[in-house]
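Student: I would like a close look at a single part of this protein, namely the open sheet and the helices that pack around it. Please take me through it step by step and explain each term as it comes up.

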Amino acid sequence: MDINNLKTSDFDYDLPHELIAQTPLKDRKTSRMMVVHMDKGTFEHKHFYDIVDYFHEGDVLVRNNTRVIPARLYGTKEETGAHVELLLLRQMEDDIWECLVGNAHVVKKGTIVSFHDGRLKAQCTEVEDKGLRKFKMIYEGIFNEILDQLGEVPLPPYIHEKLNDPERYQTVYSKVEGSAAAPTAGLHFTPEIFDQLRAKGVTIVDVTLHVGLGTFRPMDTEKVRDHDMHAEVCMMSKEAADTLNKAKAEGRRIIAIGTTSVRTLESVWNKYGRFEECTMETKLFIYPGYQYHAIDGMLTNFHLPKSTLLMMICALAGYDLIMKAYKEAVKEKYRFFSFGDCMFLTHE
C-alpha cells in the first residue's frame with residue numbers, strides 16, 4: 001500500500017456489535033490471547049495466562065503505571081442551569097485543567113459550572129476547538145479528595161453495562177493518578193503472572209503516560225497524515241532509563257504492555273536517541289511507515305476501526321498481517337476493545 005496516501009478508511013473493518021465486550025471477565029488472566037508471530041506471519045490462539053511461555057530470560061517488560069482518576073463530572077451552568085459534563089483530560093498548572101466538554105456550545109470564556117451544590121466550581125478560562133476548554137477549579141480543601149467524592153470513573157462510550165467494581169478498570173499495578181482512561185492491555189495481568197515472569201528472569205520496568213485525548217479521540221481526517229494528535233504527558237525515571245539502555249546495549253528484547261507504553265518509549269527515544277530520565281509532552285502519531293526504535297514486541301487489546309491505535313500496531317507488524325489477524329479474531333469471536341481479549345505481537 002502507498003504509505004504516503006493512507007486513508008483513515010483503509011483501517012476500517014467489520015465488527016459485529018455483540019463482540020464488543022461489555023464487562024470484564026471475573027478472572028483477569030483467563031482472557032483469550034491471539035499470538036501473532038511477526039517474523040513468520042502466523043497466528044496462535046491461546047489464553048493470556050500462556051503469555052509467560054513467550055518470554056525469555058533477560059527480556060524487559062515495560063508497563064504504564066498510570067491510574068485512572070474519577071475524571072467525569074456532571075454539573076450545571078450557573079447562569080442558566082444548563083447541564084454540562086466535563087471530562088478532565090490533563091492538569092496544565094495548579095488548578096487549571098484541560099477538559100472535554102459535553103454541551104460545549106453553552107460554555108464560553110468566563111462561564112462558571114457548579115457541581116454538587118457548589119462544593120466544586122469550574123470557571124472557563126480558555127475556549128479551544130472541538131469541545132475542548134480550559135477551566136480553573138474553585139474549591140476549598142484538597143482537590144483529589146473532592147474529585148474522589150464527586151467524580152465518576154469514565155468508561156468508554158461503547159460500554160453500556162454498569163461496572164460493579166471500579167478497580168476492574170484499573171491495572172493491578174496502577175500507581176500514579178492522572179488518566180482519563182485505562183491503559184487496557186494491562187488489565188489482563190495479575191500479581192501471580194508478574195511473579196512467574198520474574199522467576200523466568202524477566203525484568204519489569206514502570207513508565208508513566210497519563211491517558212488522554214491523544215489515545216482515545218476518534219480520527220476525523222480523510223488522510224491519515226493530516227490527523228493532529230492531542231498532547232499527553234509521559235514520564236520516565238532514571239532507574240527505568242538505565243535498565244532499558246542496558247538491555248538495548250546487550251541486545252535483549254524490550255516488550256511493551258499496551259500502546260501507551262509504546263508511545264512513551266518511542267517518544268523518549270525519538271527525543272534523545274536513547275532512554276533518558278524525563279517528563280515530557282508527546283504528540284507522537286505512529287502509523288505505517290514509522291520506524292520503531294525502542295521496542296521489539298507488544299501486548300495490546302483489539303482496537304476500534306479507523307483508530308490511531310490500530311494504525312500503531314499495523315506500523316509494527318505490517319498492515320496486511322494485522323488486518324488479516326483482525327478478520328481472524330472476528331471469525332473466532334474474540335472479545336473486542338477495553339474489556340476484551342488481547343493480541344501478543346512477538347518475534348522469536
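Tutor: What follows goes from the sheet as a whole to its strands and then to the helices. This is a predicted model, in which local features need pLDDT of at least 70 and side-chain atom pairs count only at pLDDT 80 or more, while totals for chains, interfaces and linings use all residues. Residues are numbered from 1 along each chain as its sequence is written, and side-chain values use heavy atoms, with hydrogens and water left out.

Helices (H or I, at least four residues) and strands (E, at least two) are DSSP runs, numbered from the N terminus, and two strands pair if DSSP finds at least two bridges between them. With those terms, nine strands form an open sheet in the order E2-E1-E17-E16-E14-E3-E12-E13-E15, and the pairing is mixed. Strand E2 (42-47) and strand E15 (278-282) stand at the edges with a single partner strand each, so one side of each has no neighbour in the sheet. On average, neighbouring strands of this sheet are turned by 25 degrees against each other, direction ignored; the axes behind such angles are lines fitted to C-alpha atoms, for helices over the stretch in contact, and angles otherwise run from 0 to 180 degrees between N-to-C directions.

Beginning at the E2 edge, E1 (residues 32-37) and E2 run antiparallel and are joined by six bridges, with His 37 opposite Thr 42 in E2. The hairpin of E1 and E2 has four residues between the strands, and there Gly 41 takes a positive phi near 70 degrees. With E17, E1 runs parallel through five bridges, and His 37 stands opposite Thr 346 in that strand. Five of the six residues of E1 are buried, where buried means under 20% relative accessible area, exposed over 50% and partly exposed in between (1.4 Å probe, protein chains only).

Strand E16 (residues 297-301) is also mostly covered, since five of its five residues are buried. Gly 297, Leu 299 and Asn 301 point one way from E16, Met 298 and Thr 300 point the other way, and all are buried. E16 is joined to E17 (residues 342-346) by four bridges in an antiparallel arrangement, in which Met 298 has Leu 345 as its bridge partner. E16 is also joined to E14 (residues 254-257), here by three bridges and in parallel, with Gly 297 as the bridge partner of Ile 255. Further along, E3 (residues 60-64) and E12 (residues 203-209) run parallel and are joined by five bridges, and Asn 64 stands opposite Val 207 in E12.

Two helices pack on this sheet, where contact means heavy atoms within 4.5 Å. Helix H4 (residues 238-249) touches E3, E12, strand E13 (232-236) and E14, and its direction makes about 125 degrees with that of E12. Helix H5 (residues 258-272) touches E3, E12, E13, E14, E15 and E16, and its direction makes about 130 degrees with that of E14.

Helix H6 (residues 308-317) leads from the sheet to a helix pair. Because 10 of the 10 residues of H6 are buried, this helix is largely enclosed by the rest of the structure, and its buried residues pack against helix H3 (213-216), H5, E16, H7 and E17. Just after H6, Gly 318 takes a positive phi of about 100 degrees.

Two packed helices are described by the angle between their axes and the distance between the axes. For H6 and H7 (residues 319-331), the axes come within 7 Å and cross at roughly 125 degrees. That makes H6 oblique to H7, given that angles under 35 degrees count as roughly parallel, over 145 as roughly antiparallel, 65 to 115 as roughly perpendicular and the rest as oblique. On the H6 side, Leu 310, Ile 313, Cys 314 and Ala 317 meet Tyr 319, Leu 321, Ile 322, Met 323 and Tyr 326 in H7. By class, this contact has nine nonpolar, no polar and no charged residues, where Ala, Val, Leu, Ile, Met, Phe, Trp, Tyr, Cys and Pro count as nonpolar, Asp, Glu, Lys and Arg as charged, and the others, Gly among them, as polar.
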